[in-house]
Amino acid sequence: MRHVLSVLVENEPGVLSRVAGLFSGRGFNIDTLNVGPTLEKGVSLMTISTHGEEQIIEQIIKQLRKVITVIKVVDLSNARAVEREMVLLKVNAADHNRAEILRIADIFRCKVVDVSVDELTLEVTGDQGKIKAIVNLLQRFGIKEFARTGTVAMRRSMQL
Amino acid sequence: MELTGAQILLESLKQEGVKHIFGFPGGAVIDIYDELPRYPIEHFLVRHEQGAVHAADGYARSTGKVGVCLVTSGPGATNTVTGIATAYMDSIPVVIFTGQVPTALIGNDAFQEVDIVGITRPCTKHNYLVKDVKDLARTIKQAFYIASSGRPGPVLVDLPKDVMQARTEFEYPKTISLRSYNPNYTPNRKQVKNAARLISKAERPLIYSGGGVISSHAGEVLTRLARRFSLPVTSTLMGLGAFPGNDPLWLGMLGMHGTYAANMAVNNSDVLISIGARFDDRVTGKVSTFAPRAKIIHIDIAPTSIRKNVNVHIPIVSDCLNALKALEEDLDELSGIDWEEKHSAWVKTVTGWCREHPVKYEPVGKTGRIKPQYVMERIYELTKGEAIIATEVGQNQMWAAQFYKYHHPRTWLSSGGLGTMGYGFPAAIGAQVANPGKLVIDIAGDGSIQMNIQEMATAVCYNLPVKIVILNNSYLGMVRQWQELFYNKNYCATCLDTAPDFVKLAEAYGAEGYLVEKTEDVVPVLTRAFASPKTCIVDIRVEPEENVYPMVPAGASLTEMLLV
Ligand SMILES: Cc1ncc(C[n+]2csc(CCOP(=O)(O)OP(=O)(O)O)c2C)c(N)n1
Ligand SMILES: [Mg+2]
């Protein structure tokens with residue numbers, strides 16, 4: 001099963017390789033990995049999406065907690081959480097396709113962030129399902145470039 | 001007062017109570033060596049950096065204190081890696097200081113630069129590169145704290161040359177608080193109550209203890225608990241010595257080369273109490289058939305050990321000592337149980353197994369040469385189980401585990417997790433430094449001893465009377481045994497018939513050397529060597545194709561033992 005882990009870390013120089021090395025050394029999967037500073041100085045947040053059997057996920061969480069510079073690990077899959085990823089995609093947009101692409105962009109609430117005579121660059125934000133859906137729809141026009149941030153996520157305030 | 005980085009390092013070591021360090025100099029650490037004579041710290045110059053780490057490791061295992069070593073950058077640092085990995089796998093507290101090129105050159109492929117922090121990241125508990133002399137004292141404090149607390153382990157501190165030369169005010173931090181590191185020492189009392197209740201319902205309980213019992217100084221409590229509640233005990237290789245090897249409740253080691261009684265007891269027990277052990281594959285054999293009838297209680301300080309390899313019914317994350325004390329209290333509260341009576345049938349069964357199938361060997365083999373097991377039995381008798389025994393790796397290690405009875409914690413030093421040939425001798429040197437009056441013996445193989453033989457110079461130089469007993473079978477015996485049993489006797493690359501003359505080698509280093517070829521000479525020569533004030537090598541020519549039994553083939557169930 002897919003899990004999204006929120007990992008709060010001390011922002012020391014080696015921390016990313018400590019975490020990444022743990023995954024590769026123990027044969028765990030990383031599907032996406034996002035890192036950025038938090039509002040607290042010296043502390044960063046990593047969001048890792050991974051998959052595996054429950055026993056493996058349990059090991060991943062425990063092994064992460066064992067890393068000295070990891071402050072806190074939360075498995076957001078056990079909570080109600082908001083999850084988002086942002087994707088930039090550059091799609092072929094010849095004249096006869098342009099209207100259709102813009103219509104799709106509109107439905108998905110994408111932003112057009114760059115335009116040229118035969119290409120459109122879209123910015124789309126959403127959960128995994130939405131991103132998969134738009135990729136499916138745009139693929140027939142030809143997606144020339146594709147860059148994604150990796151999942152970021154947060155517990156919802158109301159845990160119903 | 002302002003001090004240089006080198007002075008701060010040595011001051012800090014002093015504050016940590018470090019009396020002995022093992023090391024080897026080089027350009028990047030000259031500043032430290034330049035200051036060293038002014039400090040009350042005795043330095044032991046090894047002949048290879050791997051030896052320094054194993055010596056620090058043997059020092060730590062035999063005392064419970066943190067072992068310390070100091071090496072230079074580049075090749076000095078890379079030479080420590082096997083030693084560090086050995087300590088890491090067995091959770092031994094060691095702090096390794098490595099020199100590093102000046103900070104301005106880091107990343108430039110400078111002379112003798114290596115990213116040792118990157119290299120050792122997966123085999124240290126934690127590591128540091130100190131970039132500013134202002135961070136030095138705090139980092140050292142943290143390194144010692146992390147190495148020795150929680151589940152212990154090696155911590156490496158990389159010291160750029162300019163940081164050793166820079167100056168700052170020195171103040172050694174008194175306290176330490178790490179937001180991201182708070183090992184849990186005390187057990188969840190509800191879980192302990194559940195464990196006590198489960199034990200009280202058991203008919204065939206068994207204690208399976210490991211290295212954690214030794215590192216948490218819990219051997220005494222374990223022994224008391226087992227005796228009071230009449231619980232038979234087996235242990236891992238790492239756990240030997242925690243429970244006295246001559247106690248009637250002792251079943252011997254379990255696992256691949258475990259005793260018949262221990263493996264059968266695991267197979268038949270209904271409650272398995274695992275304390276400070278981690279269900280390693282050499283212990284469990286085929287995991288799916290391990291302890292098939294048992295509910296498992298698992299006490300360990302490392303949450304990662306729990307449910308990693310087997311499912312357990314009652315996990316207890318705690319220091320072993322605290323957990324055992326709590327368990328003893330809770331078992332006490334279950335009044336009205338006559339424990340001895342309750343477990344008498346089971347104890348009778350397991351001691352019956354011990355009697356019917358002790359570890360044994362044919363007294364005379366194919367060639368009629370000395371039996372290695374005989375040697376171990378005689379060493380046990382001669383030392384009355386009071387020596388510190390270090391081992392190399394292979395058959396020698398297994399015979400040392402099987403045919404010598406360990407009575408005290410910290411008298412058995414062996415590379416369990418990594419299985420490092422070449423560990424035993426430098427570890428014995430470290431143990432001898434820490435225990436000057438004690439008899440320290442390295443049980444060696446003819447292969448393994450050659451991996452760190454250069455440390456003979458170290459032992460002789462510091463008058464360390466370590467005894468090396470080579471069970472010389474002219475083979476990489478353990479590999480040969482596998483080839484014999486599972487690879488049609490294809491003895492490829494395991495024959496060691498070109499060996500040095502170990503007696504001459506000992507003499508060349510200024511030590512004593514003895515050759516033993518006849519069974520009747522074993523006791524007299526060992527007696528002489530053990531009484532000698534010098535470093536000794538005793539080269540004992542043993543039956544070349546002797547095998548270690550019992551043996552559970554890799555991947556088989558514990559009950560599928562090959563016996564003598
Ligand atoms: C550094 C290292 N290299 C290789 C091995 C694999 N290995 C395990 S036991 C063994 C044979 C050891 O031979 P020897 O020291 O003569 O001991 P014996 O088994 O003959 O008692 C070997 C090669 C190892 N454990 N460590
Ligand atoms: Mg050999």
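In chain B, a polar atom of the Ser448(B) side chain lies 3.2 Å from the backbone oxygen of Val393(B). The model in which this pair is found is a predicted one. Ser448(B) also counts among the residues that come nearest to ligand 1, and this briefing therefore starts from that residue, whose relative accessibility of 2% places it in the buried class. The ligand shell, the contact between the two chains and some backbone features of chain B follow.

**Ser448(B) and its surroundings**

- Ser448(B) belongs to the loop that runs between strand 17 (440-445) and helix 20 (456-461) of chain B.
- Ser448(B) counts as buried because its relative accessibility is 2%, and the cut-off for that class is under 20%.
- Apart from neighbours within four places in sequence, the residues in contact with Ser448(B) are Glu392(B), Val393(B), Asn396(B), Met421(B) and Gly422(B).

**The shell around ligand 1**

- There are 17 residues around ligand 1, and those that come nearest are Gln395(B), Gly419(B), Gly447(B), Ser448(B) and Gly477(B).
- By class, the shell residues comprise seven nonpolar, nine polar and one charged.
- Gln395(B) places a backbone N or O atom 2.8 Å from an oxygen atom of ligand 1.
- For Gly419(B), a backbone N or O atom lies 2.8 Å from a nitrogen atom of the ligand.
- Tyr475(B) has a backbone N or O atom 3.0 Å from an oxygen atom of ligand 1.
- The protein buries 77% of the 580 Å² that ligand 1 exposes when taken alone.
- Two elements of chain B, helix 18 (395-402) and helix 21 (477-486), give two or more residues to the shell.
- Helix 21 of chain B provides the largest share of the shell, with three residues.

**Helix 18 of chain B**

- Helix 18 is mostly covered, since eight of its eight residues are buried under the cut-off of 20% relative accessible area.
- Among the buried residues of helix 18 are Gln395(B) and Asn396(B); Gln395(B) is one of the residues nearest to ligand 1, while Asn396(B) is in contact with Ser448(B).
- The buried residues of this helix also include Met398(B), Trp399(B), Ala400(B) and Ala401(B).

**Contact between the chains**

- Chain A contributes 19 residues and chain B 16 residues to the contact between them.
- About 1600 Å² is buried between chain A and chain B, and carbon and sulfur atoms give 45% of this area.
- On the side of chain A, the residues that lose the most area to chain B are Arg18(A), Lys62(A) and Ile68(A), which together account for 41% of what that side buries.

**Backbone features of chain B**

- Most residues other than glycine have a negative phi, and most peptide bonds are trans.
- Ser91(B), which is not a glycine, has a positive phi of about 55°.
- Ser91(B) sits in the loop between helix 5 (81-89) and strand 5 (94-100) of chain B, and its relative accessible area of 11% makes it buried.
- Arg410(B) likewise shows a positive phi, near 65°, in a residue other than glycine.
- The loop between helix 18 and strand 16 (412-413) of chain B holds Arg410(B), which counts as buried at 14% relative accessibility.
- The peptide bond from Tyr549(B) to Pro550(B) is cis, and its omega is near 0°.
- Pro550(B) is located in the segment after strand 20 (536-541) of chain B.

Terms used: Residues are numbered from 1 along each chain as its sequence is written. Chains are lettered from A and ligands numbered from 1 in the order in which they are written. This is a predicted model: local features need pLDDT of at least 70, side-chain atom pairs count only at pLDDT 80 or more; totals for chains, interfaces and linings use all residues. Side-chain values use heavy atoms; hydrogens and water are left out. Helices (H or I, at least four residues) and strands (E, at least two) are DSSP runs, numbered from the N terminus. Buried means under 20% relative accessible area, exposed over 50%, partly exposed in between (1.4 Å probe, protein chains only). A polar contact is a pair of N or O atoms within 3.5 Å; within protein, one must be able to donate a hydrogen and the other to accept it, and residues adjacent in sequence count only if both atoms are side-chain atoms. Contact means heavy atoms within 4.5 Å. A residue is near a molecule or strand if one of its heavy atoms lies within 4 Å of it. Accessible areas come from the Shrake-Rupley method with a 1.4 Å probe; for residues, only the protein chains shown count as cover. Ala, Val, Leu, Ile, Met, Phe, Trp, Tyr, Cys and Pro count as nonpolar, Asp, Glu, Lys and Arg as charged, and the others, Gly among them, as polar. Buried area is the accessible area (1.4 Å probe) that two parts lose on being put together, summed over both.
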